[in-house]
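This report describes selected secondary-structure elements and their packing. The structure under discussion is shown below.

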Amino acid sequence: MASPIRWDELLEAPVLENAKLRVVYFPTMSLPQASPAGGIVRFGVFEADLAAGELRKNGARIRLQEQPFQVLAFMLEHPGDVLTREEIRQKLWPADTFVDFDHSLNTAVTKLREALGDSASSPRYVETLARRGYRFLAPVERIDAQTREIASAPALSTPVPTDEALHPELEVPLPNRGLSRGLFALIQVMYLSFYLAALFHLHQIARNTESILPWWGASTILVAVLVTAGVGIPLRFYLFSAATFDYRRLGEKFQKLFLFILVLDQLWAVAPFLMTPTIGFGAAFAATAALLYVPFSERTLVKMAYPTLPNRG
């Protein structure tokens, strides 16, 4: 009588034969995993559980196929970095996999955007860079299992009041980037108009200042107008073109220039008082009060359009 067949022997050998049974084991093929490490990555109101392969929004699971999730997981490993299509292919599609890669990647990115409520024209999460690849825009936060267990209990009892993604610095719903950039560009046009109008009506400014100031005070005002307008015109052209062409380092550059811009704008905030004989003291005071706030609104608009990404060592 033949000895019984043990199942552990069947699993250990790809081919097993005996008098009455032939077992052939074929390994199955599946998509490669985007990251061997698990963990939870949070961005905005979304959480990606890399170990379980699940995407959640405010704790509720969102249906997302495996391939789009693998693309998301790879992007979450490199937030803010430009990932070329070739890098994504090498990471997610083995060399011996015969697929229409371009079509598969485009479909995966489209499904990912649908799950995130994102758009290619005004991206908040996944940005397409023509002829270069893709970039994940939103800052990410990695949560370990222990922190997740501690924080899970109060989170379940506290309802989230909104399903909109929040800005990482300002704690407001993420605005439309195009609108923020457009408003910032309009402010630059406003200051350019101020500079040009002051230079074209320099003689009128001289008369107005001489009527209320001694000659040395009037001369000082004229020199200040000439110098600040001469510096401000190229500065405003630079900021306007950077916002128009969506220069990605505008946020970083503006932060470095902010102190200088603040001083320049505060000086020009008192410019309406030069027109007091024409518009009256009350109107000049109101205009000055409004202009004092403008540089801070510029900084806010830049932060809305160009949020600071977390530092990666």
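## Helix 9 and its packing

The buried residues of helix 9 pack against three helices: helix 6 (177-200), helix 8 (215-244) and helix 11 (281-305). The model is a predicted one. In helix 9 the buried positions are L250, G251, F254, F258, I261, L262, L264, D265, W268 and A269. An α-helix has 3.6 residues a turn, so residues three or four places apart point the same way.

Helix 9 (residues 250-269) is not straight: a kink of about 55 degrees is centred on L257. The end C-alpha atoms of helix 9 are only 24 Å apart, whereas a straight helix of 20 residues would span 28 Å at 1.5 Å a residue.

## Strands 3, 4 and 5

Strand 4 (residues 46-49) pairs with two strands. With strand 3 (residues 40-43) the pairing is antiparallel and comprises four bridges; here F43 has F46 of strand 4 as its bridge partner. With strand 5 (residues 54-57) strand 4 also runs antiparallel, joined by four bridges, and A48 is placed opposite L55 of strand 5. In general, strands of a sheet pair through backbone hydrogen bonds, either parallel or antiparallel.

Each connection is a hairpin containing a glycine with positive phi. Between strand 3 and strand 4 there are two residues, and G44 in this hairpin adopts a positive phi near 60 degrees. The hairpin of strand 4 and strand 5 has four residues between the strands, with G53 at a positive phi near 70 degrees.

Which residues of strand 4 lie on its two faces, and are they buried or exposed? F46 and A48 are on one side, E47 and D49 are on the other, and all of them are buried, so that both faces of strand 4 are covered. In a regular strand the side chains alternate between the two faces of the sheet.

## The sheet of strands 7, 9 and 8

A further sheet is open and consists of three strands in the order 7-9-8, with antiparallel pairing. Strand 7 (82-84) and strand 8 (126-129) form its edges, each pairing on one side only. From one strand to the next, the twist averages 30 degrees. Strand 8 and strand 9 (residues 133-136) are antiparallel and joined by four bridges, with V126 opposite F136 of strand 9.

Two helices accompany these strands. Helix 3 (residues 85-92) packs on the sheet and touches strand 7 and strand 9, its direction making about 70 degrees with that of strand 7. Helix 4 (residues 101-116) lies across strand 8 and strand 9 and runs at about 145 degrees to strand 8.

How values were computed: Residues numbered from 1 in each chain as written. Predicted model: local features only at pLDDT ≥ 70, side-chain atom pairs only at ≥ 80, totals over all residues. Heavy atoms only, no water. Buried < 20%, exposed > 50% of the residue type's maximum accessible area, 1.4 Å probe, protein only. Pairing = 2+ DSSP bridges. Expected span 1.5 Å × (residues − 1). Bend = angle between axes of the 7 residues up to and from the residue. Contact = heavy atoms within 4.5 Å. Axes fitted to C-alpha atoms, helices over the stretch in contact; angles between N-to-C directions.
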